[in-house]
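Open the model in your viewer and keep the sequence panel in sight. This tour tells you what to select at each stop and what you will find there.

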Amino acid sequence: GRSKKFNKRMDEEISSDSENERKQQENEDDEIEETLQEKKLRLAKLYLEQLREEAEQESFEADLIAGRLQEDVLEQKGKLQRLIANELIAPDPAEVRLLRGHKLSVTCLVITPDEKCIFSASKDCSIIKWEVEGGKKVHKIAGGRKGTEARHVGHTAHILCMAISSDGKYLASGDMNKLIMIWDPVTCKHLYKLKGHRDAVSGLAFRRGTHTLYSASHDRSIKVWSVDENAYVETLFGHQDMITGLDSLSRERCVTAGGRDRTVRVWKVAEESQLVFHGHEGSIDCIQLINEEHMVTGGDDGSISVWTVNKKKPVSTVKQAHGSHGNTGLEQPCWVSSVAALHNSDIVASGSHNSAVQLWKCGQGFRGLEPLFSVPMIGFVNSLKFSNSGKFLVAGGSEEKLSFHIVPFEKSNNSFVSDSQ
């Protein structure tokens, strides 16, 4: 009997222990299940936060893309105008670098698209490639003497103009001998000559994004070339005097200054038509496009003018932009010998022989010109070029210094408006 009671009690204790273990296991399972739920909730919150951040990033990128597309549309329409003139600070004269290397005055300058190098050309028939950062001379294409054209690789007459393609593949230079030379800007190797003009080549410009080259000459004509194919395309006529300047951007057109015929012309190459503009009182000697529909010119009447292709007269003109010179009662305006424009902005520059480069602010919609500041220079300024980014300006010329200057500018913002605003 005792044995049966003992066994019964043991069975009850074992059953009780099993029940307790079962309840404990259920409690642990509940705790594990709760932890899993919390983990799921946490991961869900993280996922939602990630989605929100991605949505904000996509919205930011979409705004950037929309802004860029808006800029592209305005640029193609010729209405883009970045308002950066008010942000521009006059450089410290100590920061303006002077580079010497030519034997005669510098006549023209170009800056490579990556802004690492500058090419300068001179009346001494030479071309020099310079490093922007260190100001070092990278390569010199020596000029030759008159009569050595058959054996000399390079120019043997004053170089008047240069242009570089927007991809940096080709450099073109034109001289008083009616020749256009094509070079490899990287190696400075001569590629070929383009012949056809009957007088000095006075202006060169590549159509942006292409290897189509426009050339202007004292023979009063403009020629179109395919540099890739080393081929002549066509000739355009219209000016009544020697052409003194030429420029082009992305459209299939170019603009020219006609010297003493006192006209500015816009050549619509595809349509085989031209627009003629009048405004200066003397010879128009330099021209630069600000954007696809606006341009700036300078002349020996001492004035600079801003034009739009929609009007036959300038939208704004500053007379005696660089003051006057001469004896009292016999004063003459200082001849504006060079102009430059920071593309798609409200900044232009002009040079003369009054020992200064003048910076100007275009009014909104390119209506009006206000002086910003001047940068001291010695002698005559034959050529001006802004870098694409607007970080610096190069100025060349001067029989006295036989050199050119690099003028640095403080970086500006990128706000822009349409000229229709």
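The stops below go through aromatic pairs, a sheet, two loop residues and one strand residue. Keep in mind that this is a predicted model.

**Stop 1: Phe 277 and Trp 307**

Three aromatic pairs are counted in this model. Start with one of them: select Phe 277 and Trp 307 and show their side chains. The ring centres are 6.2 Å apart, and the planes meet at 75 degrees. An angle over 60 degrees counts as edge-to-face, so this pair is edge-to-face.

Now colour the strands. Phe 277 belongs to strand β18 (residues 273-278), while Trp 307 belongs to strand β21 (residues 304-308). The pair therefore ties together parts that are 30 residues apart in sequence.

Are these two rings' residues buried or exposed? Phe 277 is buried, at 0% relative accessible area. Trp 307 is buried too, with a value of 0%.

Keep Phe 277 selected and add Lys 312. The charged end of Lys 312 sits over the ring of Phe 277, at 5.4 Å from the ring centre.

**Stop 2: Trp 335 and Phe 380**

Next, select Trp 335 and Phe 380. Their ring centres lie 5.2 Å apart with the planes at 65 degrees, so this pair is edge-to-face.

Here the residues sit in loops. Look for Trp 335 between β24 (332-333) and β25 (338-341). Phe 380 is in the loop between β28 (369-376) and β29 (381-386). The pair ties together parts that are 45 residues apart in sequence.

Switch on the surface. Trp 335 is partly exposed, with a relative accessible area of 33%. Phe 380 is also partly exposed, at 24%.

**Stop 3: the sheet from β25 to β28**

Hide the side chains and show the cartoon. Which strands make up this open sheet, and in what order? There are four, running β25-β26-β27-β28, with antiparallel pairing. β25 and β28 stand at the edges. Each has a single partner strand, so one side of each is left without a neighbour in the sheet. From one strand to the next, the twist averages 25 degrees.

Zoom in on the middle of that order. Strand β26 (residues 347-351) pairs with strand β27 (residues 356-362) in the antiparallel sense, over five bridges. Select Val 348 and look across to β27: its bridge partner there is Trp 360.

**Stop 4: two residues with positive phi**

Most residues other than glycine have a negative phi. Two selections here go the other way.

Stay by the sheet and pick Ser 355, in the loop between β26 and β27. Its phi is positive, at about 65 degrees, although it is not a glycine. Ser 355 is partly exposed, with 38% relative accessibility.

Then move to Glu 272, in the loop between β17 (263-268) and β18. Its phi is near 55 degrees, again a positive value in a residue other than glycine. Glu 272 is exposed, at 67% relative accessible area.

**Stop 5: Val 255**

Finish in strand β16 (residues 253-257), where you will find Val 255. At 2% relative accessibility, Val 255 is buried.

What is Val 255 in contact with, leaving aside its neighbours within four places in sequence? Select Gly 245, Leu 246 and Asp 247, then Arg 265 and Val 266, then Ile 287, Leu 289 and Met 295. Take Val 266 from that list and check the backbone. Its C-alpha atom is 4.5 Å from that of Val 255, although the two are eleven residues apart along the chain.

Conventions: Residues are numbered from 1 along each chain as its sequence is written. This is a predicted model: local features need pLDDT of at least 70, side-chain atom pairs count only at pLDDT 80 or more; totals for chains, interfaces and linings use all residues. Side-chain values use heavy atoms; hydrogens and water are left out. Rings of Phe, Tyr and Trp (its six-membered ring) pair if their centres lie within 6.5 Å; planes under 30 degrees apart count as stacked, over 60 as edge-to-face and the rest as tilted. Helices (H or I, at least four residues) and strands (E, at least two) are DSSP runs, numbered from the N terminus. Buried means under 20% relative accessible area, exposed over 50%, partly exposed in between (1.4 Å probe, protein chains only). A charge sits over a ring if NZ of Lys or CZ of Arg is within 6 Å of the ring centre and within 35 degrees of the ring normal. Two strands pair if DSSP finds at least two bridges between them. Axes are lines fitted to C-alpha atoms, for helices over the stretch in contact, and angles run from 0 to 180 degrees between N-to-C directions. Contact means heavy atoms within 4.5 Å.
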